[in-house]
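Visitor: Could you take me through one part of this model closely, and set that part in the context of the whole chain? I would like a connected account rather than a list.

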Amino acid sequence: MRFELVDGARTECVRCSKDDISAVESKIQEAVQSQAWPVASKLLKNLAESDVSVELLKTTTVGKTVAALKKAADAKLVMAAKGLVARWKQMVRDADAASS
């Protein structure tokens with residue numbers, strides 16, 4: 001699954017790498033700065049549908065970036081961000097429990 005945004009930048013992945021996550025994170029930050037809520041929503045949806053590993057969540061700042069969307073002016077974006085953050089937190093808890 002590849003995501004293409006209007007400018008042609010790759011914005012989603014099936015098995016995400018650190019570079020993929022960084023690229024999507026930058027696009028989200030740009031969308032928020034310009035208050036392009038539909039673009040931010042699409043990027044968030046793409047992230048939610050992608051296979052983001054626990055390792056990537058722990059080694060990147062994408063979780064913080066998505067968590068910051070919980071303060072956005074768009075109600076749908078806020079709800080999507082809350083749901084994704086909750087899902088990712090559970091993934092990390094489950095992985096930590098399995099490894100201990």
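**The largest pocket and the helices around it**

Guide: The accessible surface of the protein chain comes to about 5900 Å², and 55% of that surface belongs to carbon and sulfur atoms. This is a predicted model, and what follows should be read with that in mind. The chain contains five helices and zero strands, so that, in the order of the sequence, its pattern reads α-α-α-α-α, with helices defined as DSSP runs. Of the 100 residues in the chain, 37% are buried, and among the contacts with a separation of 6 or more, 59% are made by residues 24 or more positions apart.

Against that background, the part to look at closely is the largest pocket, whose volume is about 160 Å³. Its lining consists of L57, K58, T60, T61, G63, K64, V85, W88, K89 and V92. In terms of secondary structure, helix 3 (54-59), helix 4 (62-68) and helix 5 (75-99) each contribute at least two residues to this lining, and the largest share, four residues, is supplied by helix 5. By chemical character, the lining divides into four nonpolar, three polar and three charged residues.

Since helix 5 supplies that largest share, it deserves a description of its own. Helix 5 has 25 residues and reaches 36 Å from its first C-alpha to its last, which is close to the 36 Å expected at 1.5 Å a residue. Its buried residues are L77, V78, A81, L84, V85, W88 and V92, and among these V85, W88 and V92 also appear in the lining of the largest pocket. The cover over the buried residues of helix 5 includes helix 2, helix 3 and helix 4.

M91 also lies in helix 5, but it is not listed among the buried residues of that helix. Why is M91 classed as partly exposed? Its relative accessible area is 26%, and that class applies because the value falls between the 20% limit for buried and the 50% limit for exposed. Setting aside neighbours within four places in sequence, M91 is in contact with V52, V54 and L57, and L57 is itself one of the residues lining the largest pocket. The C-alpha atoms of M91 and S53 are separated by 8.7 Å, although the two residues are 38 residues apart along the chain.

Helix 2 (residues 37-49), which is part of the cover over the buried residues of helix 5, has 13 residues and spans 18 Å from first C-alpha to last, close to the 18 Å expected at 1.5 Å a residue. Within helix 2, W37, A40, L43, L44, N46 and L47 are buried, and the buried residues of this helix pack against helix 1 (18-33), helix 4 and helix 5.

From helix 2 the account can be carried on to helix 1, where V32 is found. V32 is partly exposed, with a relative accessible area of 30%. Apart from neighbours within four places in sequence, V32 is in contact with W37 and L69, and W37 is one of the buried residues of helix 2. Between V32 and L69, which are 37 residues apart in sequence, the C-alpha to C-alpha distance is 8.0 Å.

Definitions and conventions:
Residues are numbered from 1 along each chain as its sequence is written. This is a predicted model: local features need pLDDT of at least 70, side-chain atom pairs count only at pLDDT 80 or more; totals for chains, interfaces and linings use all residues. Side-chain values use heavy atoms; hydrogens and water are left out. On a 1 Å grid over the protein atoms alone, a cavity is a set of points where a 1.4 Å probe fits but cannot get out, and a pocket is an open set with protein on both sides within 12 Å along at least five of seven lines; lining residues have an atom within 4 Å of a point. Grid points are joined across faces, edges and corners, and a volume is the space filled by probe spheres set on the points. Ala, Val, Leu, Ile, Met, Phe, Trp, Tyr, Cys and Pro count as nonpolar, Asp, Glu, Lys and Arg as charged, and the others, Gly among them, as polar. Buried means under 20% relative accessible area, exposed over 50%, partly exposed in between (1.4 Å probe, protein chains only). Contact means heavy atoms within 4.5 Å. The expected span of a helix is 1.5 Å times one less than its number of residues. Accessible areas come from the Shrake-Rupley method with a 1.4 Å probe; for residues, only the protein chains shown count as cover.
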